[in-house]
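Notebook open, structure loaded. I want to look up a cavity and then one residue, and jot down what I find.

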Amino acid sequence: MAASDTVDETPGSTQAWSPRLALLVAATFFMEFLDGTVLTTAIPNIADDFRVPAADVNITMTAYLLTVAMGIPLSGWLAERFGARRVFCLAIAIFTLASLACSLSQDLAALTLSRILQGLGGAMMVPVGTLLVLRGTPKAELLRATAFLVWPGLLAPVLAPLVGGALTTYLSWHWIFLINLPLGAAAFLAALRLVPAAAGNRGRRLDWLGLFLTTLGVGALVVGLELASTHPAPWAALSAGAGAVAVACAVLWMRRARYPLFDLGVFSTRTFRAMATGGFAYRLTISSVPFLLPLMFQAGFGWTPLHAGAMVAAVFIGNIGIKPATTPLIRRFGFKAMLVFASVASAATFALCALLTPETPEPLTFALLVCSGAFRSIGFSAYASVQYADIAPAQLTSANTVSATLVQLAAAAGIAVGALLIRLFDGLGTFPEDAAGPFRGAFLAMAVLMLASTADSLFLPRHAGAEVSQRKAQRV
């Protein structure tokens with residue numbers, strides 16, 4: 001039996017499309033995404049302050065990412081039960097106060113607990129904020145809305161090394177969290193003003209078994225991926241395998257449950273299913289780039305962290321530069337054509353990255369990374385819009401929560417797969433006497449994996465998501 005995803009508003013009915021609300025939600029997303037990776041550059045400083053090995057500090061990042069991933073499945077029910085506005089504001093408050101607690105931490109245990117609380121706030125901000133925007137957006141404006149919402153996922157991984165490095169170098173690691181205080185306070189006040197109040201559904205029941213199995217499965221998968229990205233061992237495979245079994249059991253249960261946690265009927269919609277198949281492969285490979293590039297430039301080319309970070313910023317320029325053209329391109333050529341183009345072009349840039357050397361003219365390297373950023377921006381925007389193009393209003397909460405969970409898993413998988421490929425090619429000695437050899441192999445493998453996304457997009461109907469992509473085109 002399908003879940004009853006009672007919504008506060010039907011898309012486009014009582015709440016008008018609000019660019020300011022979309023921008024507010026995007027800003028909160030940026031804080032959440034940035035804090036997921038920005039701590040990497042501060043690990044040595046934190047380790048010195050707490051007098052612990054640097055490797056031990058990784059637990060703070062793992063705890064944060066794990067809490068976000070495990071908290072997302074519950075967020076949809078909370079929004080239904082208590083009202084999206086109330087939950088969104090609460091999430092901002094928790095995230096902001098947890099950031100203060102992180103900055104005041106005196107030891108690793110306190111920092112880890114604070115990061116868990118921060119992850120709890122982030123887990124609610126991401127899907128509930130998206131839901132608020134989607135509910136007030138008619139299909140004709142969905143491309144514009146998602147254009148606001150995709151930029152945090154594109155920019156945060158690229159900017160994290162620069163932001164974290166600058167704050168740690170010129171101030172202290174505490175400012176990585178303190179900077180969230182004014183941003184969080186401003187976001188909270190803006191949310192009170194911009195988000196319309198709506199009553200929750202007090203009769204919305206919680207599928208406890210479905211929640212337990214889903215949370216357990218997602219958590220075990222993330223732990224397995226984290227273990228695989230640091231030190232491959234049987235424990236990584238066991239954790240990932242247990243997670244897959246738990247998720248499979250959750251699916252079987254929710255197909256029979258009277259009040260399931262998610263309405264799995266969303267997967268019968270081809271455009272939404274594309275997000276979970278080709279879209280997952282696309283996000284996985286794209287998420288590996290901010291991880292692989294700085295490592296190749298530093299470990300393979302011998303560049304300084306600042307030099308590598310400045311070059312990787314070219315991806316950020318490509319993301320932003322193409323953004324004004326993304327919506328017109330999708331409206332002109334349709335989702336299928338742009339998804340195929342974005343994946344093929346991205347695969348080509350990965351293959352070209354494998355050919356880079358320290359002797360490659362830096363302007364040429366910079367131009368390649370700008371193009372890579374532009375192509376990934378087109379693909380992100382297209383997947384973010386097409387997945388909701390044919391979703392019924394009653395299924396919106398389930399679709400949004402499932403999508404947010406898969407996005408989190410894809411990001412974790414991208415780093416894990418990238419790290420495994422580096423070790424694989426390093427062990428095989430495929431590129432002898434080349435310090436950048438393992439990274440070249442990893443980029444070539446990622447290019448091949450990206451083509452899996454291309455293959456999936458080729459099977460999309462020609463006019464997939466036409467209501468979203470072509471309505472405006474008919475008016476011009």
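**Entry 1, cavity lining.** I went to the largest cavity and pulled up its walls: 11 residues line it, and Gly76, Trp77, Leu261, Phe262 and Thr397 lie nearest the centre. Note to self: this is a predicted model.

Which elements give two or more residues to that lining? I found α3 (58–82) and α17 (396–428). The largest share belongs to α3, with 4 residues.

I also sorted the lining by residue class. The split came out as 4 nonpolar, 4 polar and 3 charged.

**Entry 2, cavity volume and count.** I checked the volume of this largest cavity and got about 40 Å³. How many cavities of 30 Å³ or more turn up in the whole structure? My search found 1.

**Entry 3, Leu111.** Next I moved to Leu111, which I located in helix α5, residues 108–135. Is Leu111 buried or exposed? Its relative accessibility is 0%, so I put it down as buried; the cut-off for buried is under 20%.

What does Leu111 touch, leaving out residues up to four places away in sequence? I listed Ile46, Phe50, Thr60, Cys102, Ser105 and Phe177.

I looked at one C-alpha separation as well. Leu111 and Ile59 are 52 residues apart along the chain, and I read 9.6 Å between their C-alpha atoms.

**Recap for the page.** For the cavity, I have α3 down as the element with the largest share of the lining. For Leu111, I have a buried residue in helix α5, with Phe50 and Phe177 among its contacts.

Conventions
Residues are numbered from 1 along each chain as its sequence is written. This is a predicted model: local features need pLDDT of at least 70, side-chain atom pairs count only at pLDDT 80 or more; totals for chains, interfaces and linings use all residues. Side-chain values use heavy atoms; hydrogens and water are left out. Buried means under 20% relative accessible area, exposed over 50%, partly exposed in between (1.4 Å probe, protein chains only). Contact means heavy atoms within 4.5 Å. On a 1 Å grid over the protein atoms alone, a cavity is a set of points where a 1.4 Å probe fits but cannot get out, and a pocket is an open set with protein on both sides within 12 Å along at least five of seven lines; lining residues have an atom within 4 Å of a point. Grid points are joined across faces, edges and corners, and a volume is the space filled by probe spheres set on the points. Ala, Val, Leu, Ile, Met, Phe, Trp, Tyr, Cys and Pro count as nonpolar, Asp, Glu, Lys and Arg as charged, and the others, Gly among them, as polar.
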